[in-house]
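The following note is offered to a colleague who is reviewing this entry. The points are numbered so that each may be answered separately.

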Amino acid sequence: MDSELPDGKIVRKILSGDRDLFRLLVQRYEKPIFTLCLRILRSREEAEDAAQTAFLKAYTALGSSQSKQSFQTWLYRIATNVCIDFQRRRKVRPISSAVPEDEAPPVLSSAPDPRQAASLRELKNLVHEALDRLEEKYRLPLTLFYIEGLDCARISEILQLPQSTVKTQLQRGRERVRDWVVRNHPDLRLGEVEPL
Amino acid sequence: MNAKDLSCRDARELLQKPLLKAEEKALLRQCASSCHEYALEIEGALLLGALSGQPLESPSVLFVHEVMAKVEKVPAPVSLTTEQKWAWMGLAASLAIFTYFWTFVQSRFSLLPSPGFTLDLSMGPVREFFSELLGWLEVLSLAMQGLGELLMTHGPGNLVSALLLLALLALGLFASKLRKVRAPSRLRCLY
């Protein structure tokens, strides 16, 4: 079955002329790539455009993908770069107002009871908001680490940064998320947050 | 190692893992109270842990179809094998060498008399041409021999061989340019 073939074999078959097999790679990675684009761009329409552009770029450059790194890492790198290009092109809103208040997801301040507010769903919204307000250099590694579940080595390949830099960005990003949550929602007692 | 150090070591290890199990998160929470060095970072990690393991977002149902429609409009990707890359480099190097000798020969043949001139063979342009040509051929054959030995020893893919070929290419192009510039002044001297 073609659908069970590893990425490398599919790539080789495409390069030898079976271009329709690219559909398998798109089906395999459409969700993780779209999710990544959505987390970076914060707009479904733009995320879909960016994901399509990333797949198209990957297809045209498929011949150069057979390096040491995996196809997945290579595709993530293309998608990340496409998203950064999209952000630069639209001259992204300043970080301090990255998510306008009326568009922001419901947060703890609107909840009457802090304990109730610490429910998982609201906590996720809160952390998403904190993440949205971070600088790109912290948001990207944190997104790849916590949402995509990639380790430091993969992130350093995708972002083309030394692993030590990725670790530092993760560390500072975590601290900034925590600071933002504590500053904006002092009612939330972090010690009472259930292990998630 | 005391309890605080152990706790910090655990925290450091757990902070490197993107996806934590429930018991690992519980351990990380314990570390936050005993290892003050990482307390802030641990609290941030626990908050961000809320985002882990979320279902992935789905694009529109037409996503794959749209991508494939665009893919069909672009040329099929090509992949050059190592042998093909070497063949292209060899071709480029040969072209450069050929360009050099072509300009070299051209500059010499332009010395041949145009109608109305009488060639004075005592000036020896033909002899000079052949002696210089033989000299260059000797240099070239030595260079190719050295290059061939290098390629035989190290095989294709060796960076030094690639750099040598590129250097040869650049040298050929540069020399042919020099030759073009120098030719008119030689003409003036001879006639």
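1. Confidence within chain B. In this predicted model, the mean pLDDT within chain B is lowest in helix H7 (residues 159-190) of chain B, at 57. The highest confidence in chain B belongs to H4(B), at 92. Over chain B the average pLDDT is 70, and 50% of the residues score at least 70.

2. Segments under 50. Two segments of chain B deserve separate mention. Over residues 112-119 of chain B, pLDDT stays under 50, and the model has two contacts beyond four places in sequence for this segment. Over residues 180-191 of chain B, pLDDT likewise stays under 50, with seven contacts beyond four places in sequence.

3. Confidence in the complex. For the complex, the predictor gives an ipTM of 0.73 together with a pTM of 0.62.

4. The interface. How many residues of each chain take part in the contact between chain A and chain B? In the model, 46 residues of chain A are in contact with 38 residues of chain B. On the chain B side, the elements that contribute two or more residues are helix H2 (22-34), helix H3 (39-48) and helix H4 (63-73) of chain B. H3(B) provides the largest share of that side, eight residues. Sorted by class, the side of chain B that touches chain A comprises 23 nonpolar, eight polar and seven charged residues. H4(B), which is one of these contributing elements, is also where confidence in chain B is highest.

5. Organisation of chain B. The secondary structure of chain B consists of seven helices and zero strands, in the order α-α-α-α-α-α-α from the N terminus on. Of its 191 residues, 16% count as buried. Among the contacts in chain B with a separation of 6 or more, 62% join residues 24 or more positions apart.

6. Organisation of chain A. Chain A has nine helices and zero strands, and its pattern along the sequence reads α-α-α-α-α-α-α-α-α. Buried residues account for 39% of the 196 residues in chain A. Of the contacts in chain A with a separation of 6 or more, 61% are between residues 24 or more positions apart.

7. Helix H4 of chain A. H4(A) has 19 residues, which at 1.5 Å a residue should span 27 Å; the end C-alpha atoms of H4(A) are 27 Å apart, so the two values agree. Its buried residues are Phe71(A), Trp74(A), Leu75(A), Tyr76(A), Ile78(A), Ala79(A), Thr80(A), Val82(A) and Cys83(A). The buried residues of H4(A) pack against helix H1 (7-15), helix H2 (22-41), helix H3 (44-60), H7 and H8 of chain A.

8. Helix H8 of chain A. Which residues of helix H8 (residues 152-159) of chain A are buried? They are Cys152(A), Arg154(A), Ile155(A), Ile158(A) and Leu159(A). These residues lie on the same side of H8(A), because they cover an arc of only 160° around the axis. The cover over the buried residues of H8(A) includes helix H4 (71-89), helix H7 (136-147) and helix H9 (163-184) of chain A. Arg154(A) is thus listed among the buried residues of H8(A), and a reviewer may wish to inspect it in the display. Just after H8(A), Gln160(A) adopts a positive phi of about 55°.

Definitions and conventions: Residues numbered from 1 in each chain as written. Chains lettered and ligands numbered in written order. Predicted model: local features only at pLDDT ≥ 70, side-chain atom pairs only at ≥ 80, totals over all residues. Helix = DSSP H or I, 4+ residues; strand = E, 2+ residues; numbered from the N terminus. Nonpolar A, V, L, I, M, F, W, Y, C, P; charged D, E, K, R; others polar. Buried ≥ 20, exposed ≤ 12 C-beta atoms within 10 Å, placed from the backbone. Arc of directions from axis to C-beta. pLDDT = per-residue confidence, 0-100. Expected span 1.5 Å × (residues − 1).
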